[in-house]
Amino acid sequence: MKCLRCGHELVIEGAIYSPIRTSFRPQSSKFLTLETGDIQTKAVMCKNCGHLEIIGDAMKLRRLTSDPGGSSGNVT
Ligand SMILES: [Zn+2]
């Protein structure tokens, strides 16, 4: 994947810790499943410009919110 800021291709995957790994919890999440409402995040950092991008698990977000939306906008 490419850096959204500078277009460089040397992006490194990792995660942001603060001090434990940070997760995203949607306000409208349902708790009917066995899963927690937390969506784990990952991050990529550009080797060229240092741009950091945080990416959440869009599949889980859709499960939690029952959003019938398609696969558009999903970054893998
Ligand atoms: Zn960059």
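In what order do the elements of the protein chain run from the N terminus on? The order is β-β-β-β-α. The legends below describe a predicted model.

**Figure 1. Overview of the protein chain, with one helix and four strands.** The elements start with the β-β-β-β run and finish with α. The chain has 76 residues, and buried residues make up 5% of them. Contacts between residues at least 6 apart in sequence tell a further part of the story: 58% of them join residues at least 24 apart.

**Figure 2. Strand S3 and its pairing partners.** S3 covers residues 39-46. S1 pairs with S3 in the antiparallel sense, over four bridges. S2 also pairs with S3 in the antiparallel sense, here over two bridges. S4 and S3 make an antiparallel pair too, with five bridges. Particular residues mark each pairing. Valine 11 stands opposite cysteine 46 in S3. Serine 23 has glutamine 40 in S3 as its bridge partner. Alanine 43 stands opposite isoleucine 54 in S4. In a regular strand, side chains alternate between the two faces of the sheet.

**Figure 3. The hairpin of S3 and S4.** Five residues lie between the two strands of this hairpin. The strands pair in the antiparallel sense over five bridges. Methionine 45 stands opposite leucine 52 in S4. Alanine 43 faces isoleucine 54 of S4 across the pairing. Which residue in the turn has a positive phi? Glycine 50 does, at about 85°. Most residues other than glycine have a negative phi.

**Figure 4. Asparagine 48 in the loop between S3 and S4.** This loop joins strand S3 (39-46) and strand S4 (52-56). Which residues does asparagine 48 contact, leaving aside its neighbours within four places in sequence? They are Cys3, Cys6, His8 and Leu10. Cysteine 6 is 42 residues away from asparagine 48 along the chain, yet their C-alpha atoms are separated by 7.9 Å. Is asparagine 48 buried or partly exposed? Asparagine 48 is partly exposed, because 14 other C-beta atoms lie within 10 Å, and a buried residue needs 20 or more.

**Figure 5. The cis peptide bond before proline 19.** Proline 19 sits in the loop between strand S1 (11-14) and strand S2 (23-24). The peptide bond from serine 18 to proline 19 is cis. Its omega is near -10°. Most peptide bonds are trans.

**Figure 6. Serine 23 in strand S2.** Serine 23 is found in S2. Its bridge partner in S3 is glutamine 40. Not counting residues up to four places away in sequence, serine 23 touches Asp38, Ile39, Gln40 and Thr41. How far apart are the C-alpha atoms of serine 23 and lysine 42? They are separated by 8.8 Å, with the two positions 19 residues apart along the chain count. Serine 23 counts as partly exposed because it has 13 C-beta neighbours inside 10 Å, and exposed residues have 12 or fewer.

**Figure 7. Alanine 58 in helix H1.** H1 spans residues 58-65, and alanine 58 lies in this helix. Alanine 58 and glutamine 40 are 18 residues apart in sequence. Their C-alpha atoms are 9.8 Å apart in space. Why does alanine 58 count as partly exposed? It has 17 C-beta neighbours inside 10 Å, a number under the 20 needed for a buried residue and over the limit of 12 for an exposed one.

**Figure 8. Glutamine 27 in the loop between S2 and S3.** Glutamine 27 has its place in the loop that joins these two strands. The C-alpha atoms of glutamine 27 and threonine 65 are separated by 9.2 Å. Along the chain, the two residues are 38 apart. Is glutamine 27 buried or exposed? Glutamine 27 counts as exposed, because it has 6 C-beta neighbours inside 10 Å and the cut-off for exposed is 12 or fewer.

Key:
Residues numbered from 1 in each chain as written. Predicted model: local features only at pLDDT ≥ 70, side-chain atom pairs only at ≥ 80, totals over all residues. Contact = placed C-beta atoms within 7 Å. Pairing = 2+ DSSP bridges.
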